[in-house]
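Open the model in your viewer and keep the sequence panel beside it. The tour below goes from one selection to the next and says what is found at each stop.

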Amino acid sequence: MTKQLKGIAVSDGIAVAKAYLLVEPDLSFEKRSVENVEAEAARLSDALSQSTKDLQAIRDKAVKSLGEEEAQVFDAHLMVLSDPELISAIEGNIKDNKVNAESALKDVTDMFIGMFEAMEDNPYMKERAADIRDVTKRIMSHLLGVKLPDLSMIDEEVIIVAEDLTPSDTAQLDRHFVRAFVTNIGGRTSHSAIMARSLEIPAVVGTKEITEYVVEGDILAVDGSEGDVIVNPTDEQVADFKAKEKAFNELKAEWDKLKHAKTVTADGKHFELAGNIGTPKDLDGVLGHGGEAVGLYRTEFLYMDSPDFPTEDEQFEAYKAVLEGMEGKPVVVRTMDIGGDKELPYLKFPEEMNPFLGYRAIRICLAEDQMFRTQLRALLRASVYGNLRIMFPMIATLAEFREAKALLEEEKAKLVAEGVDVSDDIQVGIMIEIPAAAVIADRFAKEVDFFSIGTNDLIQYTMAADRMNERVSYLYQPYNPAILRLIKNVIDSAHAEGKWAGMCGEMAGDQTAVPLLVGLGLDEFSMSATSILRTRSLMSRLDSKKMAELAAKAITDCDTADEVVALVEEYTK
Ligand code: PEP
Ligand code: MG
């Protein structure tokens with residue numbers, strides 16, 4: 001019977017193939033008391049070394065298929081396997097309670113998982129819990145002699161269906177055979193989703209119930225760009241998906257040809273296409289998709305992925321890795337943007353009525369300047385390893401910019417006095433994400449080296465519509481003429497002072513917005529890596545003069561966002 005499901009589209013692409021149902025292995029066991037605790041400890045030790053062997057093999061495969069950085073998750077798993085605290089707790093449990101290894105393993109790992117999961121707000125600890133769960137499953141399978149499904153043995157075209165995929169499952173997928181995967185749970189930023197994008201396997205997660213509707217051998221049609229899944233599609237639906245797949249693959253092949261190309265419009269105007277990153281390991285994606293720069297490095301993830309404030313040296317290493325990785329191409333590093341929806345478990349403040357309008361980003365940095373100075377020093381020390389640009393987030397007033405810049409200068413002078421090398425060619429700019437700054441961009445332009453427009457926040461503040469509130473999402477309008485006028489003011493103000501203006505909000509990679517932004521003369525577009533090539537391709541088909549006409553018309557003649565969209569369609573037909 002045909003059944004249609006909708007999930008979260010996390011990795012682009014379309015596929016039609018046979019379902020491969022990933023069944024959870026039966027790892028149930030009886031708790032037993034044992035006399036010979038030494039023998040039980042030896043069983044545990046065997047299971048641990050077999051698991052280590054498995055994981056090393058999986059890690060080696062992952063390095064080949066995903067790259068060194070993505071394979072690091074398995075180093076974390078191998079660390080769990082050799083964690084003396086964990087292992088001695090399991091051995092102690094066997095000896096003290098005279099129980100079998102299975103029972104001791106489960107008791108101890110449940111305790112650790114529970115402890116890490118209780119630290120609700122800390123994604124770093126949550127990941128540790130997921131790592132322990134994944135590793136425990138493997139040790140248990142060796143203790144019980146149960147084989148874990150071996151996804152690396154798949155040798156025909158399939159679409160994997162599962163409750164969820166662990167990182168080790170995902171790393172074993174061979175993209176030649178695994179055409180897509182669909183899961184019950186997960187979100188855009190879950191590990192499996194991130195890996196699917198690096199492997200370029202279409203994926204839909206969070207369908208809630210796909211496993212209830214699929215039996216082995218069913219045919220599935222999956223659209224990883226829209227989040228659509230059809231179980232046992234009709235002939236017509238298959239034909240429709242096949243046609244979409246063909247069109248998508250042709251498009252992608254066209255985009256891929258542009259990987260080493262310059263970003264130019266049909267009439268030869270150059271724009272810079274950059275990638276947004278959250279960690280140094282995201283660089284592979286930016287370079288792999290032909291990014292010409294990093295336009296936004298969200299350094300708060302360094303703080304969020306860590307159990308405590310990252311030290312100056314830890315930060316230095318991360319910034320250096322990114323600068324070296326980009327080999328002299330520009331890297332815009334945004335100083336930490338905590339607050340709003342991004343919390344740090346180790347930096348607690350009183351609850352606020354409106355966190356998005358509250359104590360966040362540069363406001364925290366200027367008030368707790370020790371933390372800010374540490375980040376600035378790490379950045380300055382790293383500056384000699386590439387083309388660093390420093391950007392302050394959430395700037396509302398010139399006073400804030402001046403104060404932040406003064407702190408930067410102070411730290412620079414101290415480092416130079418200490419004999420540390422610091423680049424003397426570091427651009428310092430601001431994000432324009434608060435309407436007040438957009439309105440007086442002409443004044444800012446005299447003092448900053450560049451602007452990067454953060455539309456994710458600029459739109460929510462301009463329209464007074466929370467970017468995460470579904471009920472007001474109809475007001476979250478990137479194409480509203482009010483937003484376009486602010487953007488125009490920012491770009492024109494920068495140009496009047498000989499400075500450049502970029503954009504690092506999601507709007508920069510939005511295919512309806514790009515023609516307008518080209519027309520407004522935006523210099524740099526920074527987006528998620530997977531949007532870069534399609535944007536380069538779109539730009540190559542645009543005439544910049546015609547787009548300037550479109551933008552001028554949208555700004556002067558349109559009353560509503562819908563009118564703007566219609567105009568874009570007319571101009572890009
Ligand atoms: C923005 O606000 O547009 C932006 C890029 O910053 P973030 O999404 O991290 O708030
Ligand atoms: Mg923002």
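Select aspartate 107, which is partly exposed in this predicted model. Its relative accessible area is 38%, and a residue counts as partly exposed when that value falls between the 20% limit for buried and the 50% limit for exposed. Aspartate 107 belongs to helix H4, which covers residues 101-118. Now add phenylalanine 451 to the selection. The two residues are 344 apart along the chain, and their C-alpha atoms are separated by 54 Å.

Next, select proline 167. It is in helix H6, residues 167-171. Is proline 167 buried or exposed? With a relative accessible area of 12%, proline 167 is buried, because the cut-off for buried is under 20%. Add valine 34 and draw a distance between the C-alpha atoms. The separation is 34 Å, for residues 133 apart along the chain.

**Into the ligand site**

Select ligand 1 and show the residues around it. There are 14 of them, and those that come nearest are Arg298, Arg334, Gly454, Asn456 and Arg467. Where does ligand 1 sit? Its place is the largest cavity. Strand S10 (293-298) and helix H18 are the elements that give two or more residues to the shell around the ligand. H18 provides the largest share, with three residues.

Colour the shell by residue type. Seven of its residues are charged, four are polar and three are nonpolar.

Then zoom in on the oxygen atoms of ligand 1, and look at these contacts in turn:

- Arginine 334: an N or O atom of its side chain is 2.8 Å from an oxygen atom of the ligand.
- Glutamate 433: here too the side chain supplies an N or O atom, at 3.0 Å from a ligand oxygen.
- Glycine 454: a backbone N or O atom lies 3.3 Å from an oxygen atom of ligand 1.

Turn on a surface for the ligand. On its own, ligand 1 has 290 Å² of accessible area, and the protein covers 98% of this.

**Buried residues in helices**

Select glutamine 375 in helix H14, residues 369-382. This residue has 0% relative accessibility and counts as buried. Which backbone atom lies 3.0 Å from a polar atom of the glutamine 375 side chain? The backbone nitrogen of methionine 336 does.

Go on to isoleucine 362, in helix H13 (residues 362-367). Isoleucine 362 is buried, with a relative accessible area of 0%. Add isoleucine 338, which is 24 residues away along the chain. The C-alpha atoms of this pair are separated by 8.7 Å.

Now select arginine 536 in helix H21, which spans residues 532-540. Arginine 536 is charged by residue type, and at 1% relative accessibility it counts as buried. Show the side chain and follow it to two backbone oxygens. One belongs to lysine 259, reached at 3.4 Å. The other belongs to alanine 261, also reached at 3.4 Å.

**Exposed residues in loops**

Select aspartate 425. It is in the loop between helix H15 (398-417) and strand S13 (427-432). Its relative accessibility is 57%, so aspartate 425 counts as exposed. Add alanine 441, 16 residues apart from aspartate 425 in sequence; from C-alpha to C-alpha, the pair is 23 Å apart in space.

The last two stops concern the backbone angle phi. Most residues other than glycine have a negative phi.

Select glutamate 327, in the loop between helix H12 (312-325) and strand S11 (330-334). What is the phi of glutamate 327 near? It is near 45 degrees, a positive value in a residue other than glycine. Glutamate 327 is exposed, with 68% relative accessible area.

Finish at alanine 464. Look for it in the loop between helix H18 (455-463) and helix H19 (481-496). Its phi is also positive, near 50 degrees, and the residue is not a glycine. Alanine 464 has a relative accessibility of 69%, so it counts as exposed.

How values were computed: Residues numbered from 1 in each chain as written. Chains lettered and ligands numbered in written order. Predicted model: local features only at pLDDT ≥ 70, side-chain atom pairs only at ≥ 80, totals over all residues. Heavy atoms only, no water. Helix = DSSP H or I, 4+ residues; strand = E, 2+ residues; numbered from the N terminus. Buried < 20%, exposed > 50% of the residue type's maximum accessible area, 1.4 Å probe, protein only. Near = heavy atom within 4 Å. Polar contact = N/O pair within 3.5 Å; in protein donor to acceptor, adjacent residues only side chain to side chain. Areas by Shrake-Rupley, 256 points an atom, 1.4 Å probe, with all protein chains shown as cover. 1 Å grid on protein atoms, 1.4 Å probe; cavity = no way out; pocket = protein on both sides within 12 Å on 5 of 7 lines; lining within 4 Å. Sits in = over half its atoms within 2 Å of the grid points.
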